[in-house]
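Okay, thanks for coming, everyone. I'd like to walk you through one model today, so let me put it on the screen.

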Amino acid sequence: MRYALLILLFLAPGLARAQAEALENPGAVSAIQERQYRMNHELYLGVGVLPADAFYKGLTGSVSYTYHFSDTFAWQVGRGTYSYNIQTSLRRQLERDFDVAPTASAFEDQVQWMVGSDLVWSPLYGKTAVLNSSVLHFEAFLLGGGTVVKIDRQDGFRPAINLGLGVRMFSGKTLSFRLDVTNNVVFAGASRIINVPVVQLGTAFNFGATE
Amino acid sequence: MTPRSLIAALASAALVVSPATAPAQSGGGSLPMPPPPSGAKATPGAAARPATGSPAPAAKPAESGAPAPAAGTEGAPAAAASDKKPEAAAEAPPPVPQKVDPAIFDQALQDYFDGKPRDAAGPLYAWLQAAPKTDDNYAWAQYFLARSLIDLGLTHAGASYLARIARERSNPNVIPRALDTLKELTDRPHDDVMIDEQVFGALDLGFLPEDTGAYAHYQQGLVDLRVGNERWANTHFAKLSETSAEASRAKFALLVTRLKQVKEPSEELIADFLGLSKDEKLTREARNEAALAVARLRYERLDYTGALEAYNLVKLPELDPGRASLYLEEAWTRYKLGEPRASLGILTTLDAPSFRDEFLPDKYLLRALIYRDLCHYLPAKRAAKELTRRFADSLEAVRNRDDLTQDLRLRRAANSHGGTQRASRFVETLDLEGERLGRYAGSFGDRLFSHLTKLYDLSRAEAVRVYDARLAEAVRQEADTLLRAAEQVRLMEYEVGLKLYERVKKGAKIVAPEDEQLLTPDSVAFRFDGEYWNDELKSYRVSIESRCIEETP
């Protein structure tokens with residue numbers, strides 16, 4: 001009981017101060033603006049890399065279409081990525097010096113192309129001041145969905161789960177730039193999983209957005 | 001907003017198009033003419049004027065066979081003048097004209113076209129002093145001296161030479177160029193009397209090219225409007241092409257003049273202003289002024305929704321903070337419309353650093369009114385007290401009958417608009433150019449330097465006189481505004497004091513909060529934490545509950 005009184009005694013000034021503050025400065029101020037940039041039908045063209053595999057590096061080109069249900073929720077209806085793969089010096093060395101067969105399973109994991117679909121959630125929308133002279137609007141989003149990956153082997157279609165995040169910088173009502181970092185968890189075999197991270201930068205064209 | 005403050009605001013808008021002029025003529029324009037050479041004769045054949053209207057190369061005396069233009073100034077070595085100190089030269093009587101080789105004109109012209117106005121100015125002035133006024137190149141020398149001075153940042157000195165060309169009209173080929181350059185200078189702080197009234201307001205308009213003629217017609221119409229002769233003004237304005245920017249400006253000036261004359265503005269007048277607010281030929285500033293006029297007139301007619309629509313017509317450059325008076329007027333309009341939270345949000349805008357020095361006594365009154373209406377009596381009292389606290393020095397000065405022009409706040413308020421602002425900017429320009437002149441002391445030579453020093457001293461003295469006259473009147477008006485606000489605030493304090501200690505009757509209930517939808521699905525909210533962003537200044541909204549109680553029967 002004595003401790004409870006002591007605690008109350010310590011809390012009282014803080015509570016009184018908060019109440020006095022609310023009495024003197026009532027209300028909360030917010031800047032409420034029409035959302036300047038709104039997405040609707042989005043066509044995306046991008047380039048990127050598949051940086052993770054030690055035996056090859058993929059240079060990718062992607063295209064996708066996304067329908068935005070609201071400012072925070074969208075469905076990337078379809079996306080397709082083609083990868084132009086460049087063998088690393090490690091692979092060349094293995095083939096040259098150690099006669100490793102090009103059909104070795106690790107070599108056959110290289111991605112040729114993939115298609116998929118994702119759901120996109122954009123909880124962050126904000127703006128930043130650029131050199132105190134202009135304001136740049138952006139949004140950040142999380143995406144997740146499924147992918148079909150074609151890897152470099154016969155009958156090489158594999159399912160994958162795609163998870164990632166991205167950021168979009170708005171340039172205008174119809175144009176924005178997206179940076180996506182995603183990871184495809186590819187189920188390559190019965191008990192084998194390979195990760196295919198993708199880093200992409202692209203331009204998004206927005207159609208049908210309301211003013 | 002009180003009707004009187006609205007009228008004051010209207011009057012300030014009117015001042016934009018019909019600036020009050022100083023009671024006396026400006027001395028800035030009456031540049032003392034360089035004395036003609038005592039024995040100089042007109043030498044018509046000395047410099048042949050080309051058909052293209054460009055300055056004729058000054059023929060050397062030996063080639064032309066004519067006597068040198070400054071032949072009568074023999075015996076006064078040029079070095080003598082350069083030995084004198086600038087201060088002494090400024091006080092001494094006009095120096096005896098020196099003999100100047102006519103080739104100096106050609107060389108100075110060459111320097112000017114080579115992009116060396118600093119080298120050109122001194123010789124051009126020396127040539128002007130020696131040459132007779134009837135010389136074909138006299139006006140050209142004045143023109144290029146003016147251009148050199150303008151290029152060097154001495155716009156007032158340049159303008160005074162251009163004004164002389166326009167008044168003397170000695171060479172018809174030079175006048176259009178001089179007037180065009182003068183017209184460009186009117187966009188900056190300038191001597192209203194010398195340029196607008198004595199040059200454009202008094203020109204013979206027959207010979208002018210279309211553009212310059214239109215501007216001159218517009219200026220002469222303005223002069224007529226200022227003296228209350230609308231019919232004469234219309235004669236000038238009628239000559240303006242319908243599609244010209246001057247025609248739109250003239251229409252604006254006419255509307256403002258009519259607005260000052262009528263007691264109850266008609267719907268037609270408002271519609272005319274509305275038309276001008278969308279007229280792309282006008283500058284953005286003028287279109288905004290027209291939109292503001294519409295908003296103010298609608299406010300006067302208690303059409304608050306219409307007033308708000310008109311305020312929305314005001315377009316600002318991206319990230320421009322805008323004008324404090326505009327925000328305050330919109331805040332009053334929203335308050336009258338029954339939108340206290342939006343009004344309070346706009347008052348938050350007026351606390352932004354961009355507007356911290358603005359003189360807006362009404363701001364505190366409006367804030368106190370809103371808090372009172374929402375039954376937040378302590379903040380209401382505090383907001384009311386804030387006015388007397390913030391303007392304590394100024395109120396004290398008014399009570400003590402001190403010289404109000406010495407009060408920093410009132411002075412700053414007076415300097416922020418109308419004719420006082422223009423006069424203040426002109427004085428600042430003269431100060432700046434006076435300092436700049438000092439940098440050219442070495443390259444101009446004693447004679448031009450002392451001449452310009454004298455010109456700037458005289459012009460500044462006159463500009464300060466005009467400014468002081470306008471300031472005295474303007475601070476009196478600002479003090480009136482302050483006193484009225486202080487009086488209303490005292491009433492408010494009394495009223496709030498009564499409410500504060502009012503007994504709450506038994507059974508009284510808090511009024512149910514209004515259904516206030518600040519955030520629609522299309523909008524985005526950024527919580528304000530004291531950091532002002534220019535793009536948000538128009539968007540602040542305050543979420544505040546009413547604490548009023550409902551008396552039950």
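One bit of bookkeeping before the strands: two strands pair, for our purposes, if DSSP finds at least two bridges between them. And the elements themselves are DSSP runs, helices being H or I with at least four residues and strands being E with at least two, numbered from the N terminus. What you're looking at is a predicted model, where local features need pLDDT of at least 70, side-chain atom pairs count only at pLDDT 80 or more, and totals for chains, interfaces and linings use all residues. Residues are numbered from 1 along each chain as its sequence is written, while chains are lettered from A and ligands numbered from 1 in the order in which they are written.

So, the strands of chain A. Strand E6, residues 134–151, pairs with strand E7, residues 157–170, in the antiparallel sense, and there are 13 bridges between them. If you want a register point, take A:Lys150, whose bridge partner in E7(A) is A:Phe157. Five residues lie between the two strands of that hairpin, and A:Asp155 has a positive phi there, near 55°.

On the other side of the pairing list, E6(A) also goes with strand E5, residues 111–130 of chain A, antiparallel again, with 17 bridges. Here A:Lys127 sits opposite A:His137 of E6(A). This one is a hairpin too, with three residues between the strands, and A:Leu131 in the turn has a positive phi of about 50°. For context, most residues other than glycine have a negative phi.

While we're on phi, chain B has a couple to flag. B:Leu302, in the loop between helix H15 (284–300) and helix H16 (304–312) of chain B, has a phi near 65°. Is B:Leu302 buried or exposed? For burial we count other C-beta atoms, placed from the backbone, within 10 Å of a residue's own: 20 or more is buried, 12 or fewer is exposed, and in between is partly exposed. B:Leu302 has 9 such neighbours, so it counts as exposed. Then there's B:Cys375, with a phi that is also positive and near 65°. B:Cys375 belongs to the loop between helix H19 (361–373) and helix H20 (377–390) of chain B, and with 15 neighbours it counts as partly exposed.

Now, how do the chains meet? Contact here means C-beta atoms, placed from the backbone, within 7 Å. By that test, 15 residues of chain A are in contact with 24 residues of chain B. On the chain A side, helix H1 (2–24) and strand E1 (28–34) are the elements that give two or more residues. Which of them gives the largest share? E1(A) does, with seven residues. Split by class, the chain A side has eight nonpolar, four polar and three charged residues. The classes are Ala, Val, Leu, Ile, Met, Phe, Trp, Tyr, Cys and Pro as nonpolar, Asp, Glu, Lys and Arg as charged, and the others, Gly among them, as polar.

And E1(A) is in a sheet with strands of chain B. The order is E2(B)-E1(A)-E3(B), an open sheet of three strands with antiparallel pairing. The edge strands, E2 and E3 (540–543) of chain B, each pair on one side only. E1(A) has five bridges to E2(B), residues 523–527, and A:Glu34 stands opposite B:Ser523 there. Four bridges join E1(A) to E3(B), where A:Ala31 faces B:Tyr540 as its opposite residue.

Last stop, the inside. A nonpolar core is a set of buried Ala, Val, Leu, Ile, Met, Phe, Trp, Tyr and Cys residues joined through C-beta atoms within 7 Å. The largest one has 143 residues, and those with the most contacts inside it include B:Leu124, B:Leu182 and B:Val294. Helix H25 of chain B, residues 446–500, gives the most to this core, with 17 residues. Looking at B:Leu182, and leaving out residues up to four places away in sequence, its contacts include B:Ala159, B:Ile195 and B:Val199. Apart from the largest core lies another of nine residues, among them A:Leu50 and A:Met114.

That's my tour, so over to you.

Notes:
Two residues are in contact if their C-beta atoms, placed from the backbone, lie within 7 Å.
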